[in-house]
Amino acid sequence: MITAQELCGKAKSNVKEVTTDDLQKAIEQGARVIDVREPAEYGQGHIREAVNMPRGVLEMQLNQHPDVAGYDNALERIAEKPLYLICRTGGRSALAAESLQRMGFNDVYSVDGGMSAWQEKKLPVVAGE
């Protein structure tokens with residue numbers, strides 16, 4: 001048996017991680033951001049540009065992302081641009097990024113430190129959306 005922390009650590013070693021500064025620059029260039037936290041967490045505060053798709057349903061809902069919903073080739077379309085995944089501290093986003101890599105996504109990033117790191121830097125957050 002391995003612990004949840006060990007599982008997240010293994011995932012982090014298999015995915016590309018970015019800093020909150022990297023994410024902020026990517027957002028300025030129109031990056032797609034997916035917040036993989038639960039809806040209640042997302043509602044308490046999130047990055048304005050982030051779409052909420054909880055980790056538990058991410059793979060099933062990815063084709064419903066607002067940028068690609070309605071297209072027959074939604075997964076191919078969403079894979080055309082980098083995807084940035086964020087959670088509270090970086091564990092769930094690493095697990096989600098690892099899962100998307102198994103689905104064939106090559107340009108997917110987990111935000112190291114997650115929303116905790118984002119908020120520590122006093123970067124913009126919105127709530128209640």
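These are my notebook entries on a predicted model, covering its annotation, salt bridges, rings, cores and one backbone angle.

**Entry 1: the annotated domain**

I began with the record, where an unreviewed UniProt entry carries the annotation "domain: Rhodanese" over residues 27-127. I then looked up the make-up of that stretch, and over residues 27-127 the chain is 36% helix and 15% strand. The C-alpha atoms at the two ends of the stretch are 18 Å apart.

**Entry 2: salt bridges**

I asked how many salt bridges there are, and the count came to seven. I looked at several of them in turn.

The side chains of arginine 32 and aspartate 67 meet in a salt bridge, with 2.8 Å from N to O. This pair links distant parts of the chain, 35 residues apart, since arginine 32 is in strand β2 (residues 32-35) and aspartate 67 is in the loop between α4 (58-61) and α5 (74-78). I also checked whether arginine 32 is buried or exposed. At 9% relative accessibility arginine 32 counts as buried, because the cut-off for that word is under 20%, whereas aspartate 67, at 41%, is partly exposed.

Next I turned to arginine 37, which forms a salt bridge with aspartate 35, their closest N and O atoms being 2.7 Å apart. Both arginine 37 and aspartate 35 are buried.

Lysine 12 and glutamate 17 also meet through their side chains in a salt bridge, at 3.3 Å from N to O. Lysine 12 is partly exposed, with a relative accessible area of 26%, and glutamate 17 is partly exposed as well, with 34%.

**Entry 3: rings**

I searched the whole structure for aromatic pairs and found one. Its members are tyrosine 84 and tyrosine 109, whose ring centres lie 5.0 Å apart and whose planes are at 20 degrees, so I noted the pair as stacked. Tyrosine 84 lies in strand β4 (residues 83-86) and tyrosine 109 in strand β5 (residues 108-111), so the pair ties together parts that are 25 residues apart in sequence. Tyrosine 84 counts as buried at 11% relative accessibility, and tyrosine 109 is buried with a relative accessible area of 18%.

I looked at a further ring, that of tyrosine 71, and found the charged end of arginine 77 sitting over it, 3.5 Å from the ring centre.

**Entry 4: nonpolar cores**

Which residues touch the most other members of the largest nonpolar core? I found that Ile34, Leu58, Leu62, Leu85 and Leu100 do so, out of 21 residues in that core. The elements giving two or more residues to this core are α1 (4-14), α5, β4 and α6 (91-102), and the largest share, five residues, comes from α6.

I followed leucine 100 further and left aside its neighbours within four places in sequence, which leaves it in contact with Leu58, Leu62, Leu83, Leu85, Phe105 and Val108. Apart from the largest core lies another core, of 16 residues, and I noted Leu23, Tyr42, Tyr84 and Trp118 among them.

**Entry 5: a backbone angle**

Last, I looked up lysine 122, whose phi is near 60 degrees, a positive value in a residue other than glycine. I recorded it since most residues other than glycine have a negative phi. Lysine 122 lies in the segment after α7 (114-120), and lysine 122 is exposed, with a relative accessible area of 74%.

Key
Residues numbered from 1 in each chain as written. Predicted model: local features only at pLDDT ≥ 70, side-chain atom pairs only at ≥ 80, totals over all residues. Heavy atoms only, no water. Salt bridge = Lys/Arg side-chain N within 4 Å of Asp/Glu carboxyl O. Buried < 20%, exposed > 50% of the residue type's maximum accessible area, 1.4 Å probe, protein only. Helix = DSSP H or I, 4+ residues; strand = E, 2+ residues; numbered from the N terminus. UniProt positions renumbered as here; feature names shortened; annotations may be inferred. Phe/Tyr/Trp six-rings, centres within 6.5 Å; stacked < 30°, edge-to-face > 60°. Lys NZ or Arg CZ within 6 Å of the ring centre and 35° of its normal. Core = buried A, V, L, I, M, F, W, Y, C linked by side-chain atoms within 4.5 Å. Contact = heavy atoms within 4.5 Å.
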